[in-house]
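Here are a few exercises to help you find your way around a structure you have not met before. Try each task first, then follow the solution step by step.

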Amino acid sequence: MNKTQSNFCLLCVTLCWSTEVILLKNIPSDVPSIAVTALTNLIGCAILLLLFFKKIFRPIPKRQILRVVGLGALNMIYNLLMLLGLQYLNVSTGIFTLSMTTVVLPVLLLLKRQKIKANTWIGVGLILAGILLAVNLHADWSQLPGVGIMLVVCFLRAFYIIKLNETAKEMEPIQLSALILGVVAVLSIFIWLFYQPRTFFALTYSAEMLSSVFTYSYFICAFATVINIFAQKQATPRTASVIYSLEIVFSTIFSATLPDILVDRILLTPSLVIGCVLVAVGAFVSEFDFVTRMAAWKRRRAA
Amino acid sequence: MRKQSSPQFRRELGRFFLLIVIHMAVSLPFKVMIMIPGFTDIRPVTCIQPLFGLFYGQTGALAFAVGNLISDILSDSLQWSCIAGFLANYLYVVLIYKLWHAIRKKAFSLRQAKDFFAYIAIVLLSAAVLTAIITLGVYAVYPQVDLPTLIGTIFCNNTIFPVVLGAPIMIMMQEEFHIPDLWTRRMREKEEREKTQTP
């Protein structure tokens with residue numbers, strides 16, 4: 001997989017994730033979030049097991065197992081915290097705040113003493129401006145606890161992206177995907193067991209709910225996880241997080257344009273539109289190395 | 001005496017049934033998300049449509065059309081307009097791989113920006129043909145249908161999913177699993193034939 005393919009795959013993964021706003025609408029609100037996490041990850045893991053049994057059950061060093069368990073736990077913790085944070089926020093504020101991951105990630109990389117290029121900082125600045133513009137004009141003080149939780153989520157998510165990126169370069173991607181989904185499923189079932197001891201039998205299954213759960217499992221768990229990990233083999237965590245930041249742009253477009261039957265519609269305000277445009281421009285600037293290209297252009301001109 | 005079927009025919013037949021099973025596995029869970037009851041729905045299954053064409057040619061095209069018809073029957077949405085659906089789905093798959101081979105004149109691959117643009121253009125063109133056929137079929141049977149919604153849904157289904165979900169699947173199939181596309185397989189078969197024919 002080359003860089004173009006890897007970036008394209010990451011973009012597709014981001015698009016898949018942004019359809020969460022559509023899928024979660026079909027799941028009744030009385031179904032606990034942990035149940036949705038457990039069900040979707042379990043089915044996602046089962047699909048991968050069915051398709052790639054041999055690849056998944058290959059010997060794996062103990063160190064890698066511990067790493068995968070850590071990644072699975074981290075993934076589950078930030079997802080649960082995100083669902084908790086979203087209870088305090090409206091949809092657009094929630095999604096925009098989550099995009100702060102893109103801003104947090106370079107800071108974490110800097111702490112790890114990795115060099116960050118100027119265009120990345122400019123891009124991240126634009127993304128931050130876009131997020132603040134969209135969030136500030138929609139937020140009220142009652143949403144503050146939610147914003148606080150989402151910032152913790154962003155740190156955990158940024159750390160997860162960095163660690164996933166490192167692990168993806170060392171492990172078989174399908175094995176890693178299946179194991180992460182499996183770990184998340186097992187941990188969620190345990191938590192669900194405390195929360196609702198009858199677990200799977202406590203839910204009322206409707207055709208719409210099952211359809212959404214299957215769609216989520218197929219595309220957001222199995223498909224997106226595998227493609228994401230394959231793409232991460234080539235991409236840097238910085239590139240990945242910048243492309244992920246486009247999730248809010250896609251989610252906003254879906255929520256504003258799709259019919260009521262599919263999504264909870266949002267009103268497209270000027271601040272939201274400008275916020276989205278800034279995020280998209282920031283993502284582009286971050287990936288487009290102006291300084292190097294300018295220098296190359298000047299060299300060509302001088303020659 | 002009964003004539004023995006050739007190994008290639010049996011292989012294609014096996015492939016045909018396997019592709020139908022894959023179609024069923026992907027399409028049936030999504031039969032609930034209906035926008036115009038009985039006519040069209042959100043169909044992520046269309047993501048495998050270009051894959052069936054570019055990797056399995058005629059077998060894939062027929063498998064997709066038959067799979068689509070079976071899923072219509074199983075989901076109790078069989079209408080006269082399904083004839084148009086059958087024809088359109090078959091033609092869509094054929095168009096995708098025929099157009100790729102005609103325009104790019106090489107094996108299918110999505111390695112350069114040019115390849116991506118060509119793929120997107122081909123998907124758009126094929127989706128337009130498919131949308132026209134299905135819309136005409138549905139309109140002929142039910143003239144009171146909400147045409148803009150129908151056209152929009154069919155066109156979006158057959159452009160968004162093949163690009164967003166289909167393209168990464170095909171990239172993975174080629175780059176990570178090294179599954180040859182139709183063009184490559186044909187070339188290999190041709191080479192093998194030539195090898196066996198030369199003394």
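**Exercise 1: Getting to know chain A**

Buried residues make up 49% of the 303 residues in chain A. Keep in mind throughout that this is a predicted model.

*Task.* Work out which kinds of elements chain A holds, and decide how its radius of gyration fits the globule rule.

*Solution.* Start by counting elements: chain A has 15 helices and zero strands. Next, take the radius of gyration, which is 20 Å for chain A. The globule rule gives 19 Å for 303 residues, and the two values are close, so chain A is as compact as a globular protein of that length. For the outer dimensions, the C-alpha atoms of chain A fill a box of roughly 70 × 50 × 30 Å along the principal axes. Finally, look at the contacts in chain A with a separation of 6 or more: 91% of them are between residues 24 or more positions apart.

**Exercise 2: Two helices inside chain A**

*Task.* Describe how helix H5 (residues 62-86) and helix H10 (residues 173-195) of chain A pack.

*Solution.* Two packed helices are described by the angle between their axes and the distance between the axes. Here the angle is about 55 degrees and the axes of H5(A) and H10(A) are 8 Å apart. An angle from 35 up to 65 degrees is classed as oblique, and that makes H5(A) oblique to H10(A). The crossing of H5(A) past H10(A) is right-handed. Now find the residues that meet: H5(A) contributes A:Val68, A:Val69, A:Leu71, A:Gly72, A:Ala73, A:Asn75 and A:Met76, while H10(A) contributes A:Leu176, A:Leu179, A:Ile180, A:Val183, A:Val184, A:Leu187 and A:Ser188. Sorted by class, this contact of H5(A) with H10(A) has 11 nonpolar, three polar and no charged residues.

**Exercise 3: Chain B and one of its residues**

*Task.* Give the order of elements in chain B, then decide whether B:Asp41 is buried or exposed.

*Solution.* Chain B has six helices and two strands, and from the N terminus on they run α-β-β-α-α-α-α-α. With 199 residues, a compact globule would have a radius of gyration near 16 Å, and the 18 Å of chain B agrees with that. Of those 199 residues, 42% count as buried. For B:Asp41, first locate the residue in strand E2 (residues 40-41) of chain B. Then count its neighbours: B:Asp41 has 21 C-beta neighbours inside 10 Å, so B:Asp41 counts as buried.

**Exercise 4: Where the chains meet**

*Task.* Find which element gives the most to the side of chain A that touches chain B, and describe how H11(A) packs with helix H5 of chain B.

*Solution.* Begin with the whole interface, where 18 residues of chain A are in contact with 19 residues of chain B. On the chain A side, helix H1 (3-18) and helix H11 (207-232) are the elements giving two or more residues. H11(A) gives the most, with nine residues. By class, the chain A side divides into 12 nonpolar, five polar and one charged.

Now turn to the helix pair. H11(A) and helix H5 (residues 147-175) of chain B pack at about 50 degrees, with axes 11 Å apart. H11(A) and H5(B) are therefore oblique to each other, and their crossing is left-handed. The contact joins A:Phe219, A:Phe223, A:Ile227 and A:Phe230 of H11(A) with B:Leu165, B:Pro168 and B:Met172 of H5(B). The contact of H11(A) with H5(B) has seven nonpolar, no polar and no charged residues.

Conventions: Residues numbered from 1 in each chain as written. Chains lettered and ligands numbered in written order. Predicted model: local features only at pLDDT ≥ 70, side-chain atom pairs only at ≥ 80, totals over all residues. Contact = placed C-beta atoms within 7 Å. Helix = DSSP H or I, 4+ residues; strand = E, 2+ residues; numbered from the N terminus. Nonpolar A, V, L, I, M, F, W, Y, C, P; charged D, E, K, R; others polar. Axes fitted to C-alpha atoms, helices over the stretch in contact; angles between N-to-C directions. Parallel < 35°, antiparallel > 145°, perpendicular 65-115°, else oblique. Left-handed = near helix turned anticlockwise from the far one by under 90°. Rg over C-alpha atoms; globule rule 2.2 N^0.38 Å. Buried ≥ 20, exposed ≤ 12 C-beta atoms within 10 Å, placed from the backbone.
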